[in-house]
Amino acid sequence: MYKSGEKYLNRYGQEYWFEKHSDNEMMFFMPKDDGFGRIGGKPGQDIDLNDLGMFDPSGGPYISIGTVIDGMTVKRIRKTHDGKIIVGFDG
């Protein structure tokens with residue numbers, strides 16, 4: 001489980017964290033992201049940047065639908081026009 005505002009290190013020693021973006025969303029930050037990594041659609045669907053199933057920056061973390069952040073389960077993942085990753089929750 002992740003906590004917003006807490007900083008973590010991936011397997012390459014790169015720092016990352018989540019910050020509140022709105023009442024039901026958090027933004028993922030990784031300042032030294034080299035731009036490599038993966039995004040994926042939900043099972044059986046084409047990749048839709050507004051409705052992703054997972055993202056996995058180089059070195060991690062692997063975040064998918066069902067990951068828990070601040071005790072809330074990720075229900076939505078989207079990538080903004082400027083490349084930011086936003087995770088959303090219901091309720």
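Q: In this predicted model, which residue meets Arg78 in a salt bridge?
A: Look at the side chains. A nitrogen of Arg78 and an oxygen of its partner are 3.2 Å apart. A salt bridge needs such a pair within 4 Å. The partner of Arg78 is Glu25.

Q: How many residues apart are Arg78 and Glu25?
A: Arg78 sits in strand E9. Glu25 sits in strand E3. The pair links distant parts of the chain, and the separation is 53 residues.

Q: Is Glu25 buried or exposed?
A: Start with its salt-bridge partner: Arg78 has a relative accessible area of 26% and is partly exposed. For Glu25 the value is 16%. Buried means under 20%, so Glu25 is buried.

Q: Which residue forms a salt bridge with Arg76?
A: Arg76 lies in strand E9, and its partner lies in the segment after E10, so the pair ties together parts that are 14 residues apart in sequence. The N to O distance is 2.9 Å. The partner of Arg76 is Asp90.

Q: Of Arg76 and Asp90, which counts as partly exposed and which as exposed?
A: The cut-off for exposed is over 50% relative accessible area. Asp90 reaches 53%, so Asp90 is exposed. Arg76 has 32%, so the partly exposed residue is Arg76.

Q: What is the N to O distance in the salt bridge of Lys7 and Glu15?
A: The structure holds five salt bridges, and Lys7 with Glu15 is one of them. Lys7 is partly exposed at 48%. Glu15 is partly exposed too, at 35%. Their side chains meet at an N to O distance of 4.0 Å.

Q: How many bridges join strand E9 to strand E10?
A: Strand E9 covers residues 76–79, and strand E10 covers residues 85–88. The two strands run antiparallel. Lys79, for example, has Ile85 in E10 as its bridge partner. The number of bridges joining E9 to E10 is four.

Q: Which residue in the turn between E9 and E10 has a positive phi?
A: E9 and E10 form a hairpin, with five residues between them. One residue in the turn has a phi of about 90 degrees. It is found in the loop between the two strands. That residue is Gly83.

Q: How far apart are the C-alpha atoms of Gly83 and Met72?
A: Gly83 is partly exposed, at 36% relative accessibility. Along the chain, Met72 is 11 residues away from Gly83. In space, their C-alpha atoms are separated by 23 Å.

Q: Which three residues touch the most other members of the largest nonpolar core?
A: This core has 16 residues. Strands E2, E3, E5 and E10 each supply at least two of them. Val87 is one of the three, and its contacts include Phe18 and Ile69. The three residues are Phe18, Ile69 and Val87.

Q: Which residues form a nonpolar patch on the surface with Ile39?
A: Ile39 is found in strand E4, residues 37–41. Patch residues need over 30% relative accessible area. Ile39 is partly exposed, with 31%. The patch has about 240 Å² of accessible area together, and the partners of Ile39 are Ile47 and Leu49.

Note on methods. Residues are numbered from 1 along each chain as its sequence is written. This is a predicted model: local features need pLDDT of at least 70, side-chain atom pairs count only at pLDDT 80 or more; totals for chains, interfaces and linings use all residues. Side-chain values use heavy atoms; hydrogens and water are left out. Patches are made of residues with over 30% relative accessible area and no salt bridge: like charges are joined within 9 Å, nonpolar side chains (Val, Leu, Ile, Met, Phe, Trp, Tyr) within 5 Å. Accessible areas come from the Shrake-Rupley method with a 1.4 Å probe; for residues, only the protein chains shown count as cover. Buried means under 20% relative accessible area, exposed over 50%, partly exposed in between (1.4 Å probe, protein chains only). Two strands pair if DSSP finds at least two bridges between them. A nonpolar core is a set of buried Ala, Val, Leu, Ile, Met, Phe, Trp, Tyr and Cys residues joined through side-chain atoms within 4.5 Å. Contact means heavy atoms within 4.5 Å. Lists of a residue's contacts leave out its neighbours within four places in sequence.
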